[in-house]
Amino acid sequence: MLTVLRRLNEHLVWADDRLLQTLSEIPAVSPELLLEFGHVLGADEIWLARITSRAPRAPVWPALALRELTALAELVHADFATYLDTLTEADLHRLVSYTNSAGVTFESQLRDILHHVFLHGQYHRGKVNLLLRQAGYTPSPVDFISFTRGFPAAVTGSVS
């Protein structure tokens, strides 16, 4: 399972980098776009803090400028890769206790948390792409199959 999780993390990094590149090419990125993409990174950081028993370095909905999001992405991506490299298959069954943003305490297996991180981010990347399309820009294809092929999926152009 670790091989699959590492592959999903590679996709996460690739997809975030594609969106950061797309956002960097837009003349004026809306605060809504930055907040939505910031949530991808903020949530990843929160989960990483939970599973490593440390304080988070960003809130779950960080309001950051594009250059700050880029720096946060680099930090979180590097730390997740390092963390995944320390794990064994047995570690994936470890229970992690945490309190969510609503103050409710849970216990989840590490493997389920990691799967959540990869799926949750993809959901919000889709929302970023919807916001891009609604603003008249071409979305950035971040599908897993595009990542594996090394070639983007077909997209329709921007809305006129």
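Two rings of Phe, Tyr or Trp count as an aromatic pair if their centres lie within 6.5 Å, with the six-membered ring standing in for Trp. With that in hand, let's walk through this predicted model. A search of the whole structure turns up four aromatic pairs.

A good place to start is the pair made by Trp-14 and Phe-147. Their ring centres are 5.5 Å apart and their planes meet at 55 degrees, so this pair is tilted. Trp-14 belongs to helix α1 (residues 2-24), while Phe-147 sits in helix α5 (residues 144-149), so the contact ties together parts that are 133 residues apart in sequence. How do the two partners fare in terms of accessibility? Trp-14, at 22% relative accessibility, counts as partly exposed, and Phe-147, at 14%, counts as buried. The cut-off that puts Phe-147 in the buried class is 20%.

Phe-147 also has a partner within its own helix. Together with Phe-144 it forms another tilted pair, with 5.7 Å from centre to centre and 50 degrees between the planes. Because these two phenylalanines are three residues apart in helix α5, about one helical turn separates Phe-144 from Phe-147. Phe-144 has a relative accessibility of 35%, so it counts as partly exposed.

Put these contacts together and you have one aromatic cluster, made up of Trp-14, Phe-144 and Phe-147.

One more ring is worth a look while you have the model open. Arg-50 lies over the face of Trp-47, at 4.4 Å from the ring centre.

Notes:
Residues are numbered from 1 along each chain as its sequence is written. This is a predicted model: local features need pLDDT of at least 70, side-chain atom pairs count only at pLDDT 80 or more; totals for chains, interfaces and linings use all residues. Side-chain values use heavy atoms; hydrogens and water are left out. Rings of Phe, Tyr and Trp (its six-membered ring) pair if their centres lie within 6.5 Å; planes under 30 degrees apart count as stacked, over 60 as edge-to-face and the rest as tilted. Helices (H or I, at least four residues) and strands (E, at least two) are DSSP runs, numbered from the N terminus. Buried means under 20% relative accessible area, exposed over 50%, partly exposed in between (1.4 Å probe, protein chains only). A charge sits over a ring if NZ of Lys or CZ of Arg is within 6 Å of the ring centre and within 35 degrees of the ring normal.
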